[in-house]
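User: I'm new to reading protein models and would like a close look at one part of this one. Could you take me through it slowly, and then show me what surrounds it?

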Protein chains: 2
Amino acid sequence: MHQLQAPGRAVRAMAEWAKHLGGIKGVVLDISGVLYDGGGEGGGVPIPGSIEAVEKIKASGLKLRFCTNETQATRGKFVAKLQRLGFNILVNEVTAPAPAACRILKERNLRPHLLVHDDLVPEFDQLDKANPNCVVIGDAADNLSYKNLNEAFRVLIGLENPILISLGRGRYYKETDGLKLDVGVYMKALEYACDVQAEVVGKPSKMFFQSALAEMEVEPQQAIMIGDDIVNDVGGAQQCGMRALQVRTGKYRPCDEQHPEVKADGYVNNLAEAVDIIVKQLHK
Amino acid sequence: MHQLQAPGRAVRAMAEWAKHLGGIKGVVLDISGVLYDGGGEGGGVPIPGSIEAVEKIKASGLKLRFCTNETQATRGKFVAKLQRLGFNILVNEVTAPAPAACRILKERNLRPHLLVHDDLVPEFDQLDKANPNCVVIGDAADNLSYKNLNEAFRVLIGLENPILISLGRGRYYKETDGLKLDVGVYMKALEYACDVQAEVVGKPSKMFFQSALAEMEVEPQQAIMIGDDIVNDVGGAQQCGMRALQVRTGKYRPCDEQHPEVKADGYVNNLAEAVDIIVKQLHK
């Protein structure tokens, strides 16, 4: 019975949001939980139908941008992993927090103390890190030890004007072996410890979505975001003037559809279903 | 010049708060940062004059209660350490969060998942911990690893009615080798991750101060609290109807004297100075 009901729900939902797809010229895709589930030995597994869905967008004439808060590896390494998993994706199609943060740090002459994943450190190679005047925190997984968080805290509390830059503000994400705490949790920890407000680089920051749109050369109302995070993907994109769908994969939980503050323009079972509907409407 | 100014400030401050000491029958003392600074090989060093100050209170006829958020050891072990450092202190003179939390857990049939210091675990020996229906978090120092915080998160997010009990909500404390993140920082992290509000057992909770007062059999307006934490010691005690002094030892920072929300009844250089003034007033 349950298996029969799921397509029925999808068809009813489709009827609703698919009516409002006029003028769509570009698609913005979240990666983790939409294209693939991370974790395990090979670094993750593709979500069924997603490899083909990316190809379908590219073949449709729609513009495409990947917009991720991934900070466990450089953009280059991350894209190489996705290519190995079978995805048609290039480094210059990806908007990611670390390169955006680097630009900001350079512009403002900031010397970061880094609390990030070891594999992300090379992104910051060009920056002066001696005598730090800010802290940059990312999803560092096991590097988020008590010792390392305490070190970052001591840098911040010792600054006259403490600046905390957070690469995203997610609560958790899903890997093959279960839910994992994300950077936002540790950002909140440091905010409380030092009584500061972090500056977020990454989703749901408006500037971050805007830079993805600028790369595609489309206006917000011409773009649709597809993500598994009701707040950071869907809510963030909507705040920016885009339409946004939530997929029922990755970290999706049924209670997301009753979220008190964010309502997606549509809910779909997965990326493949979303792309089918979007491309079909395009040719009407 | 600076060394000459400090006593001057103290004398001026004394003139102010010492006028309002009428009716004081009991003293509530914070321990870490007031009696001693923790850390290092011997487990800490007494703050000069504090050993004698405790003796002076006991000799004065004032009632005395120690009120700590210390959760890195059982109350018994913690008191034994203080005795080795030279303090005249007994287990039954100490109000601490873990025994208070145990009473609450038993009353409400809660089975805790513990994220606490290894040395605190014996306090919870009598409780059923299988199939946990709540999380108890304490200042666990290096035990607050990514892996352990993630485990506690998974327990909480899996509960229909997530209950998080935090043994205190301090931001940081001072050890001999510098500032250390306290439990409140990790409480905030889990609150954000799971969208819950923790129940705090320990300072600044009103119930916690009230139980210390009940042990002394004095009313709030008859008691004075002395601590180094402007929010959790001073603010908490004042909320409870007590007077409160902040010492300029432990985690004290000069900016505490301009705290936007909490103003101590008086600021003193250390416990010895506070006790001198209080005892002198008593005999007037």
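Which side chain does A:E257 join in a polar contact of 2.7 Å?

Analyst: Keep in mind that this is a predicted model. The partner you're after is A:R248, whose side chain makes that 2.7 Å polar contact with the side chain of A:E257. A:E257 also has a polar contact of 2.4 Å with the side chain of A:Y252. To find A:E257 on screen, go to the loop of chain A that runs between β13 (243–247) and β14 (266–268). Is A:E257 buried or exposed? It has a relative accessible area of 19%, and the cut-off for buried is under 20%, so A:E257 counts as buried.

Now let's look at some other charged side chains. Side chains of opposite charge can pair when their charged atoms come close. Over all chains, the structure holds 24 salt bridges. In one of them, A:K180 meets A:E175, with 3.0 Å from N to O. A:K180 is buried at 16% relative accessibility, and A:E175 is buried at 16% as well. A:K180 also meets A:D177 in a salt bridge, this time with 3.6 Å from N to O.

Hop over to chain B for another pair: B:K58 and B:E93 form a salt bridge whose closest N and O atoms are 3.0 Å apart. This one links distant parts of the chain, since B:K58 sits in helix α2 (residues 50–60) and B:E93 in the loop between α3 (75–85) and β5 (94–95), 35 residues apart. B:K58 is partly exposed, with a relative accessible area of 27%, whereas B:E93 is buried at 16%. Salt bridges can share partners too, and that is how A:D30, A:K203 and A:D233 end up in one network.

Next, a helix. In chain A, α4 (residues 97–107) is mostly covered, with eight of its eleven residues buried. Among the buried ones are A:P97, A:C102, A:I104 and A:L105. What do the buried residues of α4(A) pack against? Their neighbours in chain A include α3 (75–84), β6 (112–115), β7 (134–137) and α7 (206–216). Just after this helix, A:N109 takes a positive phi of about 55°.

Finally, zoom out to where the chains meet. Chain B and chain A each bring 30 residues to the contact. The area buried between them is about 2800 Å², with carbon and sulfur atoms giving 61% of it. On the chain B side, B:Y146, B:L181 and B:Y192 lose the most area to chain A, together 31% of what that side buries. The elements of chain B that give two or more residues to this side are α5 (146–157), β9 (172–175), β10 (178–181) and α6 (183–194). By class, that side has 15 nonpolar, five polar and ten charged residues. Even with those ten charged residues, the rule finds zero salt bridges across the interface. It does find 15 residue pairs in polar contact there.

How do the two copies relate? Chain B superposes on chain A by a rotation of 180° with 0.0 Å of shift along the axis, giving an RMSD of 0.0 Å. That is the relation of a two-fold axis. The same surface serves both copies, as 100% of the contact residues of chain B recur in chain A.

Notes. Residues numbered from 1 in each chain as written. Chains lettered and ligands numbered in written order. Predicted model: local features only at pLDDT ≥ 70, side-chain atom pairs only at ≥ 80, totals over all residues. Heavy atoms only, no water. Contact = heavy atoms within 4.5 Å. Buried area = accessible area lost by both parts, 1.4 Å probe. Salt bridge = Lys/Arg side-chain N within 4 Å of Asp/Glu carboxyl O. Polar contact = N/O pair within 3.5 Å; in protein donor to acceptor, adjacent residues only side chain to side chain. Helix = DSSP H or I, 4+ residues; strand = E, 2+ residues; numbered from the N terminus. Nonpolar A, V, L, I, M, F, W, Y, C, P; charged D, E, K, R; others polar. Least-squares fit on C-alpha atoms with pLDDT ≥ 70 in both. Buried < 20%, exposed > 50% of the residue type's maximum accessible area, 1.4 Å probe, protein only.
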